[in-house]
Amino acid sequence: MTVAEALVQCLERENVDTIFGYPGGAILPVYDALYHSSRIKHVLVRHEQGAVHAADGYARVSGKVGVCIATSGPGATNLVTGIANAYMDSIPMVIITGQVPTSQIGTDSFQEVDITGITLPITKHNYLLKYPDRLPAVVKSAFHIASTGRPGPVLIDIPKDIAQTKIAFKYPTSVRLRGYKPTYKGHPSKIKEIAALIGKAKRPVIYAGGGIIASNASSELLQFAEAISAPVTNTFMGLAGFPGDHPLFLGMLGLHGTRYANLAITESDLLIGLGARFDDRVVMNINTFAPKATVIHVDIDPAEIGKVIGTNVPLVGDVKLVLKALLPLLEKVDRSEWLERIRSLKAEYPLTYSRACGALKPQFVIEQLWQCTKGDAIIATDVGQHQMWVAQFYKFREPRTLVSSGGLGCMGFGLPAAVGACIGAPGRKVILVTGDGSLQMTMQELGTMIEQGLDVKIVILNNYVLGMVRQLQEFYCEGRYMAVNFRFHPDFELLAKAYGMPGYTFKTEEDVLRGLAEAIDKPGPAIINCIVPAEENVSPMVMAGSGIHEAIDCG
Amino acid sequence: MEKHTLSVLVENSPGVLTRVAGLFARRGFNIDSLAVGRTDRNDVSRMTIVVEGDRSLIEQVTKQLHKLIDVIKISNITEEEYVDRELVMVKVGAEPNQRVETMHIAGIFRARVVDLGRKTITFECTGNAGKINAFEESLRPYGIKELVRTGKIAMLRGNKFVSVGGTSRDDEED
């Protein structure tokens, strides 16, 4: 069989059921091979960026490796943003790109780009297939690398002539990569040391990140937190990894985190970092972050430990396995004083917003969305203010129910990711919360959504402004609002109609109370356009250079 | 700021140098010297990388290098006993009457003449960085026309090795 046919065989062996893609010249042989596959569903997107974000959304909700495919040149470069996004958020993904024939590589031929060169810094690994016989081993390795250790995207670039070459197909049963051996099991003596530190701590705080989701460690995290009576704060990537309505939950920390999470960190004497990377939006000012705390840092990626802040107890390992090993060693300690302090911090600095002005507040929409779904939905978001309001006001209950671009902060992620999420989690309610700016970046994927018959509810928090940038300009540019106000938007109700789905416009709290639940519960896709004030800020907010304990109220 | 010498074993595959060099560039690590060549095994290359930085920077460099799939093994040999060498070729302007003088200097450094032109003389010299620097300075008064250094290569002394272990294979990842 040809390399292209072998590739399809390999994908089937890896249990790939869906791939998101866009055809073209150099990838033609692979599409011809896909024609004959009955097991792989190909989802035709409207732009390659849609394919890569959809594969990402699919991976986030299912935990499986997302797969996308595009042709050479512009097809490949259109994937770049989405690959970077998956890399930053450690999402397992395999990307297949067509390449010009080997004889033309390096000659600036039609639709040629050096995509392995371009994606070098944003892939976990990548391959330019030069020897046809290597295809099965390369695909096997790609899936292995993408899904193990700290997950990430792996790209395979296949020249057209190679794809057409005949090979004897044999899928390898194992992977041999001598330079890649992730450490899963935490060192037992370190685990004992951690248990002892926890036993002595008076004010411990658990700081849990995306690693909790990636290693499917949510239930272990819950047991751990309850066993040691320690409050839990999530990074943005960690949200949904701990029940949002649990008394020990502190919400998100950092730049737009809750005051009580940030203050608990500041007062803490033991910070237990689990699968989190002390990102700059979390730490803000290194010198004032968790100043009284002994720091434990558990991560599967050794390079994250000690990268940002000094760690007292570093532990390389899979968070789930580490917590499992730790649980039997924990002693019950009375922490009623600390928990009382947490309760009073929550009472003193609640997460709140003003409803006085009579307008429809975006936070109110999120709260009502939670009321409609009771946390039983997959929420995809775009990037900006609406994303932070979701993080603050939607109480996630189960892992893999938040689909959002964290590290890269990539506007335009939401709609295609919701498409992928809807396919990756059949039977689940999928709601996209987006902004009027973000949605218009990848709005063409409405076509994919309708064509695939996907039931995605699109809630636009429409303020006619790039709200997060507007907020930055209010605080850092003395209110000089440059290039943030939209003077034109399409009529989103009519747009919904153009795609053959219902459209709603909500302008008041009454509108939302009257219509949101019905719009959400009605089967089939819909656009729900909520007109909200442009001046609303995400609050609290930590100003650049400040410590997280110095958050200001800017509501 | 100290200089650290890292011996890095990598897959002998196309693009591996770009991966390593690119990593240094984008993470803001400065390479002082870099020498690459294959080892006794066809499928393994060895890079000797000299990096300047404090302990935490070197730790990051090492950890980030480890994340590259093509990197097999990294040894920071700085604090061990090791021998290191560099090869330099220097072309010096030398009229016939200056040749003897330059060759005398070369003799002191145990350098060898590798080429002789009508107005130039070219030496090769091996040694550690200090010796090479001294050789260069000694020749400077005669006018250095061209100079090329290989960068440092290094090896642990005695019964210690930086090696992959196991048997050689030629069919590694491409």
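**Exercise 1.** In this predicted model, work out the strand order of the open sheet in chain A that contains β9 and β12, and say which strands stand at its edges.

*Solution.* Start with the order: six strands of chain A run β9-β8-β7-β10-β11-β12, and the pairing is parallel. Now look at the ends of that list. β9 (249-252) and β12 (313-316) of chain A each have a single partner strand, so one side of each is left without a neighbour in the sheet. From one strand to the next, the twist averages 15 degrees.

**Exercise 2.** Zoom in on β10 and β11 of chain A: how many bridges join them, and which residue stands opposite A:I272?

*Solution.* Take β10 (residues 270-274) and β11 (residues 294-299) of chain A; they pair in the parallel sense over five bridges. Find A:I272, then look across to β11(A), where A:I296 sits opposite. Finally, add the helix: α9 (residues 188-200) of chain A lies across β10, β11 and β12 of chain A, and runs at about 135 degrees to β12(A).

**Exercise 3.** Do the same for the open sheet of chain A that holds β3 and β4: give the strand order and the helices that pack on it.

*Solution.* Here the six strands of chain A go β2-β1-β3-β4-β6-β5, with parallel pairing. β2 (41-44) and β5 (125-128) of chain A are the edge strands, each pairing on one side only. Ignoring direction, neighbouring strands are turned by 20 degrees against each other on average. Next, pick the pair β3 (residues 66-70) and β4 (residues 93-99) of chain A, which run parallel and are joined by five bridges; in this pair A:A70 stands opposite A:T97. Then come the helices. Helix α3 (residues 48-62) of chain A touches β1 (18-21), β3 and β4, its direction making about 170 degrees with that of β3(A). Helix α5 (residues 80-88) of chain A touches β4 and β6 (153-159), at about 145 degrees to β6(A).

**Exercise 4.** Describe the contact between chain B and chain A: what area is buried, and which elements of chain B take part?

*Solution.* Count residues to begin with: 25 from chain B and 23 from chain A. The buried area is about 2100 Å², with carbon and sulfur atoms giving 45%. Now the polar side: three salt bridges cross the interface, and A:D301 with B:K67 forms a salt bridge at 2.6 Å, N to O. On chain B, the elements giving two or more residues are α1 (16-26), α2 (55-67) and β4 (71-76). The largest share, six residues, comes from α2(B). Sorted by type, chain B's side has seven nonpolar, four polar and 14 charged residues.

Methods. Residues numbered from 1 in each chain as written. Chains lettered and ligands numbered in written order. Predicted model: local features only at pLDDT ≥ 70, side-chain atom pairs only at ≥ 80, totals over all residues. Heavy atoms only, no water. Contact = heavy atoms within 4.5 Å. Buried area = accessible area lost by both parts, 1.4 Å probe. Salt bridge = Lys/Arg side-chain N within 4 Å of Asp/Glu carboxyl O. Helix = DSSP H or I, 4+ residues; strand = E, 2+ residues; numbered from the N terminus. Nonpolar A, V, L, I, M, F, W, Y, C, P; charged D, E, K, R; others polar. Pairing = 2+ DSSP bridges. Axes fitted to C-alpha atoms, helices over the stretch in contact; angles between N-to-C directions.
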